Amino acid sequence: TDNDVFQITDNRLEVRAGVSLDFESQVDYSIRLQATDQGGLSIEEVAVVSLNDVNEPPQGIGFSRNNFVYENVADQWIANITVLDPDEGEQHDFTVSDNRFEVVSGQLRLKANQSLNYEAEPTISLTVTSVDQGGFEATGEHVVEVWDLNDPPQVLNPIPDLNAIMNLRFRYVIPSDTFFDEDQSDWTSISVSQPDGSPLPEWLSFDEASHQFTGIPLAKDVG
């Protein structure tokens, strides 16, 4: 029996001092009660004390080990979420401090059509809040690392149409701000061709080291 859990005080059945009952650990307690009259006669009865469950606040939020996403890729899974709640099986609603993220079916992930940029945010700190059916809250902190991918260079300032004069030396240096690459450590090499992909005309040359066009057009090159 579980008589050591209870005591009788002034004909009242009570839980002993210092004892805490937990519905999730044990629901029913069996006790043996004995009543004795003044003549020494007694009777015993076995009774069952059943606990009623009450909602308990969650104790925290746990995250699986994964904590990174690739830049420029939308709708990525980040981590599995576990709510540490004594009330097993209880449903929870989630909110995330950054509205680019959401929790779906126990997974922290980027929303559809949302992606991140390593050059702008190499790490992002999130606070995930869980609310149980009784209104109790728990929060958890998670840092997301954004992994860098190679970004293609972009034309920042297009080169204008240029004119060369027959029999005069032509020279043009591609400005340094013509192209932009988010991966600042990348070295951008430049190769040139005609619009149809064919090589430059014979009179015109391009130096890759200095990014410079030079040449002298002749009469046969006009047009």
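Which residues are linked with Arg100 in a network of salt bridges? They are Asp98 and Glu121, which join Arg100 in that network. Keep in mind as you look around that this is a predicted model. Below is a quick tour of its nonpolar cores, its hairpins, its salt bridges and a few spots on the surface.

**The nonpolar cores**

- Let's start inside: the largest nonpolar core is made up of 17 residues.
- The residues with the most contacts within this core are Ile78, Val96, Phe101, Leu108, Leu116, Leu126 and Val128.
- Five strands supply at least two core residues each: β7 (77-84), β9 (101-104), β10 (107-110), β11 (123-132) and β12 (137-147).
- There is also a second, separate core, with 7 residues, including Phe170, Tyr172, Ile190 and Phe213.
- As background, nonpolar side chains in soluble globular proteins tend to be buried together.
- Leu116 is a handy place to zoom in, being one of the residues with the most contacts inside the largest core.
- Setting aside neighbours within four places in sequence, Leu116 touches Val69, Glu71, Asn72, Arg100, Phe101, Leu110, Ile124 and Val146.

**The first hairpin: β1 and β2**

- Near the start of the numbering, strand β1 (residues 6-9) pairs with strand β2 (residues 12-15) in the antiparallel sense, over 4 bridges.
- Phe6 has Val15 of β2 as its bridge partner.
- The hairpin has 2 residues between its strands, and Asp10 takes a positive phi near 50 degrees there.
- Thr9 sits in strand β1, and Thr9 counts as partly exposed because its relative accessible area is 29%, between the cut-offs of 20% and 50%.
- From Thr9 to Arg32, the C-alpha atoms are 16 Å apart, with these positions 23 residues apart along the chain.

**Another hairpin: β3 and β4**

- Strands β3 and β4 run antiparallel and are joined by 9 bridges.
- Gln34 finds its bridge partner in β4, namely Glu44.
- This hairpin has 5 residues between the strands, and Gly40 in the turn shows a positive phi of about 90 degrees.
- A salt bridge connects this pair of strands too: the side chains of Glu44 and Arg32 meet at 3.3 Å, N to O.
- Glu44 belongs to strand β4 (residues 42-50) and Arg32 to strand β3 (residues 28-36), with the two residues 12 apart along the chain.
- How accessible are the two partners? Glu44 is partly exposed, at 42% relative accessibility, and Arg32 is partly exposed at 41%.

**More salt bridges**

- The count of salt bridges comes to 5.
- In general, side chains of opposite charge can pair when their charged atoms come close.
- Back to the network from the opening question: Asp98 forms a salt bridge with Arg100, with the closest N and O atoms 2.7 Å apart.
- Asp98 and Arg100 are both buried.
- Arg109 and Asp75 make another salt bridge, their side chains meeting at 3.4 Å, N to O.
- This pair links distant parts of the chain, 34 residues apart: Arg109 is in strand β10, while Asp75 is in the loop between β6 (68-70) and β7.
- Are Arg109 and Asp75 buried or exposed? Arg109 counts as buried because its relative accessible area of 18% is under the 20% cut-off, whereas Asp75 is partly exposed at 40%.

**On the surface and in the loops**

- Some nonpolar residues do show up on the surface: Tyr70, Val73, Trp147 and Leu149 form a patch there, with about 320 Å² of accessible area together.
- Leu149 lies in the loop between β12 and β13 (154-155), and Leu149 is partly exposed at 33% relative accessibility.
- Further along, Ala164 is in the loop between β13 and β14 (170-173).
- Ala164 is partly exposed, given its relative accessible area of 36%.
- What does Ala164 touch, leaving aside its neighbours within four places in sequence? The contacts are Phe170, Trp203 and Pro217.
- Ala164 and Pro217 are 53 residues apart along the chain, yet their C-alpha atoms are separated by 7.2 Å.
- One of these contacts, Phe170, is also a member of the second core.

Technical notes: Residues are numbered from 1 along each chain as its sequence is written. This is a predicted model: local features need pLDDT of at least 70, side-chain atom pairs count only at pLDDT 80 or more; totals for chains, interfaces and linings use all residues. Side-chain values use heavy atoms; hydrogens and water are left out. A nonpolar core is a set of buried Ala, Val, Leu, Ile, Met, Phe, Trp, Tyr and Cys residues joined through side-chain atoms within 4.5 Å. Buried means under 20% relative accessible area, exposed over 50%, partly exposed in between (1.4 Å probe, protein chains only). Contact means heavy atoms within 4.5 Å. Two strands pair if DSSP finds at least two bridges between them. Patches are made of residues with over 30% relative accessible area and no salt bridge: like charges are joined within 9 Å, nonpolar side chains (Val, Leu, Ile, Met, Phe, Trp, Tyr) within 5 Å. Accessible areas come from the Shrake-Rupley method with a 1.4 Å probe; for residues, only the protein chains shown count as cover. A salt bridge is a side-chain nitrogen of Lys or Arg within 4 Å of a carboxyl oxygen of Asp or Glu.
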